[in-house]
Amino acid sequence: MQEHIQLTQKEVNRDLLEGVLGLPKWWLGATSFLVLVILIGLAAYAYEVNKGIGVAGLGRPVLWGAYITNFVFWIGISHAGIMISAILRLTQAEWRRPVTRAAEVMTIFSLIAALSNIMFHVGRPWRLFWVYPYDFSRGIFMNVRSPFVWDPSAVMTYLIGSSLFVFVALIPDLAVVRDRATGKYAPRIYSILCLGWRGTPRQWRLQAIAGILLSALVLPVFVSVHSIVSWDFAIAIGVEGWHSTIFAPYFIIGAIHSGVSAVAMIMALVVWLWKMDNYLRPDHFDAIGRLLIIVATTWFFFFFVEWIFALYTLEPPEIKLRELQVFENPYWWLFLIFLLTSFFIPVPMWLFKNVRRSPMLMFLTTVLVNIGMWLERFLIIIPGLARRTPLTFDWGSYHPSIIEILIVAETFAFVALGMLIFAKFFPLIPLFDVKEGMVFRDTIKIGRRIVPASIRETP
Amino acid sequence: MASHNGNGRHHGPREGLYVPFSTQGDVVRDLIGKHDKPSDKWWSGVAAGAILLVLGIIGFALRLSDGVSDRIVWGYFAMMFAFVLTTAQAAPMVAIAPRIANGHWRRPISRAAELWTAVGLFNMLLFIPMLWILPPLTDGRRSLWFFDPEDPWLSRVPIYSPHIWATLAMLALVVAGVLLLWLSAMPDLALIRDNGADGWRKRWATRLSKNWVGTSAQWNMLHHRMGILGAFYFMMLIFVHFLISVDFLIALVPGWIDALYPITHAANALQAGVATVILTMVVLRQWGGYKEYITLEQFWGVSKLLFALSLLWFWFWFSSFNVLWYGKKPGEQGVLELLTVGPYLPVFISVFVLCFAAPLFVMMWNPIRKSVWGPTIMSVGVLVGTFLDRLRLYVATYSIPGIGDPHVDKHSIHLDESGRLPLALREAHFPEIPDIMMALGVIGGCVLVYLLFARLIPPINIWEQKELMLYKVHKTYHRTQVLVLGKPR
Amino acid sequence: MAKRSVLGLFPEERIDTAADAMDALSSAGYTSSEYEVLTGTPYPEGTFGEEEPTHKLFRWPLIGAACGFVVGLLVTAGSQLAYPLVTGGKPILSIPPMAIILYEGTMLGAIIFAVIGIIIESRLPRIFMGAYDTKITEGYIGVTVTADESRMPNAEKVLRDAGAEEIKRGWESS
């Protein structure tokens, strides 16, 4: 029953700060590789800016392609951070403790990656200037009635909110690093960053409240962000298949599906790369596997309802679009892969305890989910536009060009690099949360059975 | 191991996970004793419920004397059926969801929530007339079943598909609910069998508790089956809301294409179900004699749920509204005009305030969430709001002329040039005397059924209470007192 | 007069000794605002017999939300009125889209103010660390006394008598 390991604070510091105070052997190699991928991607982007957006595979009527798919995908991934840390904090789920920070940090980097996709997509990035209201001197303002203005306001709110969330929860751990760091500058930088944390009861008390209060504040923002992304598609009537009221919740639950899967991937990577198997136990994978079963099933229900209502009208354009998605080349095989990878392979596997408790299998299944969820967005966006009928004068099909592929690869490398660099300077597993879990852990003996228990402060 | 955490006299409601006695025997004696004899208040409740029910039956007979072909007059009946589905049949989720999540705070109120499954039996009766009110698919409306007389394949769809599937789904929901109630009551019925006063209750308890003696195999089976049945009940609840809202509501409104609404219907039900349970808790506390068992901890727990679900109400509503409002297709405009901003606008505004705005601004304060009166007032508001919401939707829908008539266009409500509804829909449809009688009768019937079942099955779950005493330990941690909570699974 | 501080360190497993030291300080005449316990991890409240800290954190997000709402209103209404261009047949001041941006503004204000509130209510940032030891983040329990210089030797003695493993001096701002 009690498979968690009880350690002293010194041991926790030693284990969890190994990657910060030392340098894992693989770290430089991995970061160099990622930097290389990013440089190639940025070179491709420079080429695109120089030559114009025509170097992407976009054309009439498919004017939104891999970049927008990737944008929605990364917004979706970003939802995991808050999903995991806020909901599990509010429900006092003990297994959240080692997972929260990695999830939150992933939120930040994937949001930045998502925003960068918009830059890639617009072709003339300097025009983003017009999104924000500045002053009266230029005489014109952005159109608040457009979802393309809601989007930046929501994403920026979410980015600022989750960055502050990460920072607040990082303060006590920064103090630990401050006390351990060596060298000329590092201790000074950490002591500035941790704002002079000492660990008084007041500070700990506020840290506990901060977790709950900020979770409660960021959670509604998280819901709004992907809703608004979905309204980029749904409020217009031009594209059949996009104008559906279910889009906001459907996007949210899809985002949670891919995001929680991404957290499971990160957990497995943390176990392998930083050898954290003392902290991320099979129990943690089991818990996230159970959560994923619920999330995936709910997602599938929304997917089902979305489809039912697409067919409900029995209107020819809508039926044609669905035929295109399901039966026509190349979408039929993408659709098949999407269904298999996002639901029909992983969910039956997660029903088995042995699968849920194995980091390797959880890693593989959740990678599948994310392949599937990337394709889901692709299949919503591209066939929808390819079938767009009103005001369309010429038809072309869409293939991502090599430039787009390189740039999409860049976003993946960017998020990975962000996580690696973060993990080099800050602990990726929250030290104080883990220590608190160990202090608050207890058992109750009932007859011959020892039941795991935890201390609640209200007597 | 369990200990008494009250020292000195408490004046306000108690806080924390509290069990008023320190031994399991005392708890059993107290709860069985409280349940042995019906109180005067129980009798008055039963009498009131019975009178209202009789009134409702008279109202129903009056309605029936006009026949079912004119659907306009049946809007209020359909609405009451939906209201019971939305409130009473969703209330058991307050027991099921925290049980799956292992929330200990649910224990004193889980039975009170589960007892509402019995009211499902009553709603099954209310469902029967709905089968006559709903026309077959031959009127050319869009539906989940894709019936199309022109198409060689789709013309084979049974024209009574909505009736058949909704009946099956309702039956499955009600049966699952009653089974869940029976299962969870079994150990308590065994207590009545062994310790209760002689009489019909003891005979029934003996029969229903089967051979429950509490072997560990039986307990394991109980937990296991309750988990499965609870999950099944939840899925059936969602499914029934899906079928009812699509077949009995959305399909009847020309041009209403709203993929989210079936889920909204269910989400609203979860909110109203929580409100129903809160009111039940208040009644059990104030008049049922269970003040010591239902404490602030329970109110706090359900308040958080109610608050979260009220926020969800807005999100679901806005997600639909924003898309339809932006879309501005003719069909969408007609639907918004009919259901939201047209003749039922005052009703909609009341719903908006009662189900969302008031809970948001009141329940955001923790001291209010952690009180008895705050959640109570808000629950009354949410229930009234849900009532009005069902009114605005079902009454407006059933007042559309031409339901069941194949010669009337089923694809759009045609607004005139100034954006107004057709003449027949321009005025809200107000209730008549039989409608009011039926509404009162339905509420009375629900109360009556609940009270009757609460006579047989203790409204406080005794064995879950005892289980809590095992998993809850108060102890001294250095210089402070802490509560240690076990997590068995 | 300059404040001085002194720190006594107690090993991780001797929680009760640290709590005793706090009691001893109290009976030696030090007020509860003069001594504090420093730990490397949160303990259940009152573990060392310390008082429950009071705070007014909850007013911060409310003020922030109000500010954010007002700014959102100014931006949405102001920009639309300043450049009134009808699009999609929607009114210039359309409530649904404005509500979205107002909502984001409100939440952003609430979050930013909540974080500021958390930092200020935690009595951070703290420029002078006073008596502190890096062993605290390694599990040692520190009991510090901050008082006038003249009362330092006595505090040191109380801590040593209570069983502190190590005593350190530091200084505060005046």
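How far apart are the end C-alpha atoms of helix α8 of chain A, and what should its 34 residues span? The first legend below takes this up; every view shows a predicted model.

**View 1. Helix α8 of chain A, from end to end.**
Helix α8 covers residues 201-234 of chain A. At 1.5 Å a residue, its 34 residues should span 50 Å, and the end C-alpha atoms are 49 Å apart, which agrees. Now look at what lies around the helix: 27 of the 34 residues of α8(A) are buried, so the rest of the structure largely encloses this helix. As you follow any such coil, remember that an α-helix has 3.6 residues a turn, so residues three or four places apart point the same way.

**View 2. A four-stranded sheet shared by chains A and B.**
Here you can trace an open sheet in the order β1(A)-β2(A)-β2(B)-β1(B), with antiparallel pairing. The edge strands, β1 (441-446) of chain A and β1 (472-477) of chain B, each pair on one side only. Neighbouring strands of the sheet are turned by 40° against each other on average, ignoring direction. Helix α17 of chain B, residues 462-471, packs on the sheet and touches β1 and β2 of both chain A and chain B. The direction of α17(B) makes about 25° with that of β1(B).

**View 3. Where the two chains meet within the sheet.**
Strand β2 of chain A (residues 449-456) and strand β2 of chain B (residues 480-486) run antiparallel and are joined by four bridges. To find one partnership, start at Ala453(A): its bridge partner in β2(B) is Gly486(B). In general, strands of a sheet pair through backbone hydrogen bonds.

**View 4. Inside the largest nonpolar core.**
This core has 316 residues, and the members that touch the most others are Val260(A), Val263(A), Met267(A), Met80(B), Leu306(B) and Tyr450(B). Helix α9 of chain A (residues 247-274) gives the most to the core, with 19 residues. Zoom in on Val260(A): leaving aside residues up to four places away in sequence, its contacts include Ala80(A), Met83(A), Ile84(A) and Leu292(A). A second, separate core has 27 residues, among them Phe10(C), Leu25(C), Leu38(C) and Val158(C).

**View 5. Chain B as a whole.**
Chain B holds 17 helices and two strands. Its C-alpha trace spans about 75 × 50 × 45 Å along the principal axes. For 489 residues, a compact globule would have a radius of gyration near 23 Å; chain B has 24 Å, which agrees. Buried residues make up 50% of chain B. Among the contacts in chain B with a separation of 6 or more, 82% come from residues 24 or more positions apart.

Terms used: Residues numbered from 1 in each chain as written. Chains lettered and ligands numbered in written order. Predicted model: local features only at pLDDT ≥ 70, side-chain atom pairs only at ≥ 80, totals over all residues. Pairing = 2+ DSSP bridges. Axes fitted to C-alpha atoms, helices over the stretch in contact; angles between N-to-C directions. Contact = placed C-beta atoms within 7 Å. Expected span 1.5 Å × (residues − 1). Buried ≥ 20, exposed ≤ 12 C-beta atoms within 10 Å, placed from the backbone. Core = buried A, V, L, I, M, F, W, Y, C linked by C-beta atoms within 7 Å. Rg over C-alpha atoms; globule rule 2.2 N^0.38 Å.
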